[in-house]
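I am opening my notebook to record what I looked up here, one entry at a time. I begin with a residue that a record singles out, and ask how it sits in its chain.

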Number of protein chains: 2
Amino acid sequence: MGGKVLITDNVATNRIVLKVKLAAACYLPLMAGDGASCLSLARGELPDLILLDWALPDVPGLEVLRHLRADPATRDIPVIMISASRDPAIRLQALAEGADDFLAKPLDDPVLMARLRSLLRLRDSSGEGAVRGAALRALGLAERAESFEGPGLIALVAARPETGLRWRKELQALMPDRIVLQTREEALAEAGPVPDIFVIDADLDGPGGGLRLMSDLRSRAGSRHAAVCIVRGQMGGEGAAMIYDLGANDLLPAAFDPREARLRLRNLLRRKRRGDEMRATLQNGLRLAVVDPLTGLYNRRYAGAHLAAVAERARAADERFAVMVIDLDRFKSVNDRWGHGAGDAVLVAVARRLHANLRPGDLIARIGGEEFLVALPDVPRPEDAHAVAERLREAVEEEPVPLPGGGSLRVTISVGLALSPDEAGRRAEPVDAVVQRADSALLLAKSAGRNQVTIERSAVA
Amino acid sequence: MGGKVLITDNVATNRIVLKVKLAAACYLPLMAGDGASCLSLARGELPDLILLDWALPDVPGLEVLRHLRADPATRDIPVIMISASRDPAIRLQALAEGADDFLAKPLDDPVLMARLRSLLRLRDSSGEGAVRGAALRALGLAERAESFEGPGLIALVAARPETGLRWRKELQALMPDRIVLQTREEALAEAGPVPDIFVIDADLDGPGGGLRLMSDLRSRAGSRHAAVCIVRGQMGGEGAAMIYDLGANDLLPAAFDPREARLRLRNLLRRKRRGDEMRATLQNGLRLAVVDPLTGLYNRRYAGAHLAAVAERARAADERFAVMVIDLDRFKSVNDRWGHGAGDAVLVAVARRLHANLRPGDLIARIGGEEFLVALPDVPRPEDAHAVAERLREAVEEEPVPLPGGGSLRVTISVGLALSPDEAGRRAEPVDAVVQRADSALLLAKSAGRNQVTIERSAVA
């Protein structure tokens, strides 16, 4: 099914006419005859979109809208306000309270349907479907604080320079955002920060040229998430539907009222930033899944996958790679004698020293409590890997680790090293076997007194 | 900048003409005059798209395509094959080797540009940008195995039933995939599995009606990632550009050659499934970030965020919520005496029992080695929370846990319980303070002999 659309209208026949149209378009219509039932359905059913009549029997539609926008559960549901009145003042009020659009009755069906599609598409493309509620918070808390704040960047791409200058003058007087004029080329060149919103003349460089620019921006990684508001030229209703379907987030008439434009752009900016936030959350979530929170190194899950890729590439390029398993010596006694705070400080310090002594292409991961894994992807000679391992060992031993409670502690590591192919020419072994060999070497290093590097035997035979 | 586009053509003037056009459209053009430099640039620069001439001085363009498709690094780069020849046989060969399209010289600029946009858009929308290489593998290994296998589901939406029947008959003879006929309503209704590909008559229910259906499918959560192939009616070149910009992944002429259609659909299916795989990987990655891998319960990170939401809701609705901190009694001795395998088995069993004795809306998370957190969102009376805690304690004690090596072990838990607001009416406290109180109660339960529930003192005063 398509989304749930909540129809709020106090006239039963209006509701039924809309219901039939929406059902025919394969949406799931819900119906409310007054503001109270609209709010209760909105909270209970979480519809994908709300059509809200201005005039309701119990409370004004505007008041309902205010409630919807104040409740975190319903705040992001797109709302189209509808009224038979043509009074521009009420249109401005609806937009000011966060309505995504305002349509006059009687409704133009193709435009209404295209508007529904465009708002439903926007809602989905933020990735919102992927992660909700507490999971969202868990993944994205770090990103939350500042993303909604501060003025936005709005680019005006007008067909004629004087038009752009007029737009900017009118809008800048009303908005705190940075407003710049751009040509088509400047918009595409992405020099400098990508605008949050592009306002584009539909008839840029000829009829419909602005729509091609919009499609172009949508196909580019940098600008594909920007909001686009098209300033319409000569087109009628059919044109509007097409513009929405081509990906416009909103439309303005050629002779727009700057106050209305300001409100529409502000609403677009809010949604655009909400989408940015969602995407940042997804990114953060993915990072969390492969990173050890204490040390910031990759975790065991990532190490396994990365190692498989290293082995595959080495085999394809006929190169040698090295694996080290590294263990902190007598770490248990650190925890027991100095507490977990000290233990954590030691782990973080050791992780930093190991990381600082590797090349960017090397892998370093924390694969257990006090165990690390290092992979060197291209090792011309076994001695090279041994030298790196020695360097790591020395880097840890060199200087005592300062403890959080004061004082410091000398720590050492044992390193088990394995090469693939080894001297014996074993090559086709699975990567797990290489790690296994490094692990055996580590045990030898431990039993030989710790604080040393041991190469797996067959490698130096 | 827009993407990097690699132009491969053995005629220098052709390269330069294309380069100028692409640069004017703000792409970054790279140029190769033969197959060897094409392959080396493709591997070194990883362009976003490749224009590949059929006739090259060193190796045939088809051979270059084969190499590109065989190398995991270049396998997913969109390739448009270009030739002055109108021989349908070479078009089929190019498509058979995995070319995304085949364009005849002289190139129609608006169509070429729209085709570039459509292929670049597709590449990006799979979420590929979000996660690469080893991270992708680390997050998505589980999904990999079967996603590329098995026949696909293709829906044909023709303007006239007899057309649809003919398409199906022609295609089904050539393809292993399941091919179904659908009306517009069936396509939108999403009854049953969503097709991988929709093949849609452009002139469904009147001129351009198929394009509206496409926009409609794109705006719906279920079908937005399906591939869409439009069968063109009367439109010329300008129409094709518009169809791409509206979101079509490929075009077929009204009287299409079934062999060509088969190849194009097969290529679409491959890309569609690659996108599915990417999205599954993202989902999996996000799940991994909030779930404890051993028990499958939520982790500490998630618990904190969820708890904050519970507290917020309880405050808004003027309800009481309860927090329990649960600790496995003498767990260290289980590990020490029976090994880590036994310890893990105990953790998993206890997690299951706790989970089975809670309601769906309750939170249960593993927040430490042997420590769990439970939150009950709506607790009318303190006794209710106490009863739940007792039930959990009994569920763990009731039956010994079978151990992996045979035999079984009786385990018990201690539970610290805190309510907010407590009897003393403390309400505005931060949620951390509630957990702190539950933690104190847990310590009391431990020191009072374990295997018991203790309510934080002020709550029962």
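I checked Asp53(A) and found it buried, since the relative accessible area is 5% and the cut-off for buried is under 20%. This comes from a predicted model, which I keep in mind for every entry below.

I placed Asp53(A) in strand β3 of chain A, residues 49-53, and I listed its contacts beyond four places in sequence, which are Thr8(A), Asp9(A), Gly61(A), Met81(A), Ile82(A) and Lys105(A).

I then turned to the record: an unreviewed UniProt entry lists Asp53(A) together with Asp201(A) for "modified residue: 4-aspartylphosphate". The two are spread over 149 residues of sequence and also spread in space, up to 30.7 Å between C-alpha atoms.

I asked whether Asp201(A) is buried or exposed, and at 12% relative accessibility Asp201(A) counts as buried. I found Asp201(A) in strand β8 of chain A, residues 197-201, with contacts that include Trp167(A), Gly210(A) and Val231(A). Ala159(A) is also among these contacts, and its backbone nitrogen lies 2.7 Å from a polar side-chain atom of Asp201(A).

I moved on to chain B, where an open sheet of five strands follows the order β12-β13-β11-β16-β17 with mixed pairing. I noted β12 and β17 of chain B as the edge strands, each pairing on one side only.

Within chain B, I traced strands β11 and β13, which pair in the antiparallel sense over six bridges, and I saw Val323(B) standing opposite Ala375(B) in β13(B). Last, I followed helix α15 of chain B, which lies across β11, β13, β16 and β17 of that chain and runs at about 165 degrees to β16(B).

Definitions and conventions:
Residues numbered from 1 in each chain as written. Chains lettered and ligands numbered in written order. Predicted model: local features only at pLDDT ≥ 70, side-chain atom pairs only at ≥ 80, totals over all residues. Heavy atoms only, no water. UniProt positions renumbered as here; feature names shortened; annotations may be inferred. Helix = DSSP H or I, 4+ residues; strand = E, 2+ residues; numbered from the N terminus. Buried < 20%, exposed > 50% of the residue type's maximum accessible area, 1.4 Å probe, protein only. Contact = heavy atoms within 4.5 Å. Polar contact = N/O pair within 3.5 Å; in protein donor to acceptor, adjacent residues only side chain to side chain. Pairing = 2+ DSSP bridges. Axes fitted to C-alpha atoms, helices over the stretch in contact; angles between N-to-C directions.
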